[in-house]
Amino acid sequence: MAPAALPAGFPHGQLSADGSYAGRKAYCNVTAARSDYVDSARAGRIAVPGAWSVWQTDARWPDDVHPYRPADWRLKAPARLVKEMEKHNGSGN
């Protein structure tokens, strides 16, 4: 997926030149991604941006991820974005 094909607001700086997503946090499911985001925002560990989304990639769990820190998994190699799984309005919900 080329960066130009992404919806407005997607952080293009997080994509490789070929449109893949690498080195960022990885979650085994949408619920885990949402929970970590909401918990981090409420605790002040991250700033709550505008609208945000959870994306499915073509990476396979656990083959394409590695533990970066306890409870923090990262992609081993670039993975293509496949589908936007959830979209949120930016209120931390």
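Start with a salt bridge: the side chains of Asp 36 and Lys 25 meet with 3.0 Å from N to O. The two ends come from distant parts of the chain, since Asp 36 belongs to helix α1 and Lys 25 to strand β2, 11 residues apart. Keep in mind that this is a predicted model. Asp 36 counts as partly exposed because its relative accessibility is 21%, where anything under 20% would be called buried. Lys 25 is partly exposed too, with a relative accessible area of 33%.

That pair gives us two threads to follow, one into the helix and one into the sheet. Let's take the helix. α1 covers residues 30-42, and its 13 residues should span 18 Å at 1.5 Å a residue; the end C-alpha atoms are 18 Å apart, so the expectation and the model agree. At the N-terminal end sits a cap: a side-chain oxygen of Asn 29 lies 3.2 Å from the backbone nitrogen of Thr 31. Just after the helix, Gly 44 takes a positive phi of about 80°.

Which residues of α1 are buried? They are Ala 33, Tyr 37, Val 38, Ser 40 and Ala 41. These residues cover an arc of only 165° around the axis, which means they lie on the same side of α1. The general rule behind such a pattern is that an α-helix has 3.6 residues a turn, so residues three or four places apart point the same way. Part of what covers the buried residues of α1 is strand β3, residues 52-57.

The helix has another salt bridge to offer. Arg 34 pairs with Glu 86, and their closest N and O atoms are 2.5 Å apart. Here, too, distant parts of the chain are linked: Arg 34 is in helix α1 and Glu 86 in strand β6, with their positions 52 residues apart in the numbering. Is each partner buried or exposed? Arg 34 is partly exposed because its relative accessibility is 28%, whereas Glu 86 is buried, with a relative accessible area of 17%.

Glu 86 also leads us along its own strand. Its side chain makes a polar contact of 2.6 Å with the side chain of His 88, a residue of β6, which runs over residues 79-88. His 88 counts as buried because its relative accessible area is 11%. For regular strands in general, the side chains alternate between the two faces of the sheet. A further salt bridge joins Glu 84 to Lys 87, with the closest N and O atoms 4.0 Å apart. Glu 84 is partly exposed at 28% relative accessibility, while Lys 87 is exposed, with a relative accessible area of 53%. Elsewhere, salt bridges that share partners tie Arg 69, Asp 72 and Arg 74 into one network. In total, the structure holds six salt bridges.

Now for the other thread, the one that starts at Lys 25. Strand β2 is part of an open sheet of three strands, ordered β2-β5-β4 and paired antiparallel. Why do β2 and β4 each have one side without a neighbour in the sheet? Both β2 (25-26) and β4 (65-69) stand at the edges and each has a single partner strand, so one side of each is left open in that sense.

Zoom in on the pairings. β2 and β5 (residues 72-75) run antiparallel and are joined by two bridges. Across this pairing, Lys 25 stands opposite Arg 74 and Ala 26 stands opposite Trp 73. On the other flank, β4 and β5 pair in the antiparallel sense over four bridges, and His 66 stands opposite Arg 74. Arg 74 therefore has Lys 25 opposite it in one pairing and His 66 opposite it in the other, with both pairings resting on the β2-β5-β4 order. β4 and β5 also form a hairpin with two residues between them, and Ala 71 in the turn has a positive phi of about 60°.

One last stop lies past β5. Ala 77 sits in the loop between β5 and β6, and it counts as partly exposed because its relative accessibility is 41%. The C-alpha atoms of Ala 77 and Asp 64 are separated by 6.9 Å, although the two residues are 13 residues apart along the chain.

Conventions. Residues numbered from 1 in each chain as written. Predicted model: local features only at pLDDT ≥ 70, side-chain atom pairs only at ≥ 80, totals over all residues. Heavy atoms only, no water. Buried < 20%, exposed > 50% of the residue type's maximum accessible area, 1.4 Å probe, protein only. Polar contact = N/O pair within 3.5 Å; in protein donor to acceptor, adjacent residues only side chain to side chain. Pairing = 2+ DSSP bridges. Expected span 1.5 Å × (residues − 1). Arc of directions from axis to C-beta. Contact = heavy atoms within 4.5 Å.
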